[in-house]
Amino acid sequence: SIALQNEFVYFDFDDYQLLESEKQRLMARLKGMGELNQLKITLSGHCDNIGESIYNDYLSDFRVKAVAAYLQEVGIKVEQIETKIENKNYMKTKEIL
């Protein structure tokens, strides 16, 4: 089993469309992992602390769903993907630790 910790997917500011460059980067990482049907993937999304918390929560959710949808397009089954959304307080908590 291979764990990719702190693997980030970047988006344009205030957007949740998966960038082509990020799709290519994700594909390159997936190709090096062997059989796709053996993977378990956890996606955790969060935004920076700019703007309203509720808006950022929605944006985080849309971003995670965009990555999950792309992974499904390339052959990862929905059962292999777990999603988590971190709220605005995530950034503040990380700064304290």
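**Figure 1. The whole chain, seen through its contacts.** Of the contacts in the protein with a separation of 6 or more, 65% join residues 24 or more positions apart. Keep in mind that this is a predicted model. Going along the chain from the N terminus, you meet the elements in the order α-β-α-β-α, that is, 3 helices and 2 strands. The protein has 97 residues, and 26% of them are buried. About 7,000 Å² is exposed, with 51% of that area coming from carbon and sulfur atoms.

**Figure 2. How far to trust the coordinates.** The mean pLDDT for the protein is 80, and 80% of the residues reach at least 70. Which helix has the highest confidence, and which the lowest? Helix 2 (residues 53-73) is at the top with a mean of 91, while helix 3 (residues 89-96) is at the bottom with 44. Over residues 89-97 the pLDDT falls below 50, and that stretch makes 4 contacts in the model once near neighbours in sequence are set aside. Where pLDDT is low, predicted coordinates shouldn't be read in detail.

**Figure 3. Glu-22, a buried charge in helix 1.** Helix 1 covers residues 20-31, and Glu-22 is part of it. Is Glu-22 buried or exposed? Its relative accessibility is 8%, and the cut-off for buried is under 20%, so Glu-22 counts as buried. The side chain of Glu-22 has a polar contact with the side chain of Arg-25 at 2.7 Å. That pair also qualifies as a salt bridge, with the 2.7 Å taken from N to O. Arg-25 and Glu-22 are 3 residues apart, about one turn of helix 1. The two partners don't sit in the same class of accessibility: Arg-25 is partly exposed at 27%, whereas Glu-22 is buried at 8%. What else does Glu-22 touch, if you skip its neighbours within four places in sequence? Glu-22 is in contact with Phe-8, Val-9 and Tyr-10.

**Figure 4. Two further salt bridges, one in helix 1 and one in helix 2**. How many salt bridges does the structure hold? There are 3, and the Arg-25 to Glu-22 pair of the previous figure is one of them. Back in helix 1, Glu-20 pairs with Lys-23, and their closest N and O atoms are 3.3 Å apart. Glu-20 and Lys-23 have a spacing of 3 residues, about one turn of the helix. Lys-23 counts as partly exposed, with a relative accessible area of 22%. In helix 2, Asp-61 and Lys-65 are 4 residues apart, again about one turn. Asp-61 forms a salt bridge with Lys-65, with 3.0 Å between the closest N and O atoms. Lys-65 has a relative accessible area of 48%; the limit for exposed is over 50%, so Lys-65 is partly exposed.

**Figure 5. Gln-80, a buried side chain in a loop.** Gln-80 belongs to the loop that runs between helix 2 and strand 2 (81-85). With a relative accessibility of 7%, Gln-80 is in the buried class. Which backbone atom does the side chain of Gln-80 reach? The side chain comes to 2.8 Å from the backbone oxygen of Leu-39. Gln-80 also has a run of contacts around that residue: leaving out its neighbours within four places in sequence, Gln-80 touches Leu-36, Asn-37, Gln-38, Leu-39, Lys-40 and Ile-41.

**Figure 6. A nonpolar patch on the surface.** Which residues form the patch? They're Tyr-16, Ile-54, Tyr-55, Tyr-58 and Phe-62, and together they have about 520 Å² of accessible area. Tyr-58, one of these patch residues, is in helix 2.

**Figure 7. Asp-14 and its positive phi.** Where in the chain is Asp-14? It sits in the segment before helix 1. The phi of Asp-14 is near 60°, a positive value even though the residue isn't glycine. For context, most residues other than glycine have a negative phi. Asp-14 is partly exposed, with a relative accessibility of 41%.

How values were computed: Residues numbered from 1 in each chain as written. Heavy atoms only, no water. pLDDT = per-residue confidence, 0-100. Contact = heavy atoms within 4.5 Å. Patch = residues over 30% accessible without salt bridge, like charges linked within 9 Å, V, L, I, M, F, W, Y side chains within 5 Å. Areas by Shrake-Rupley, 256 points an atom, 1.4 Å probe, with all protein chains shown as cover. Salt bridge = Lys/Arg side-chain N within 4 Å of Asp/Glu carboxyl O. Buried < 20%, exposed > 50% of the residue type's maximum accessible area, 1.4 Å probe, protein only. Polar contact = N/O pair within 3.5 Å; in protein donor to acceptor, adjacent residues only side chain to side chain.
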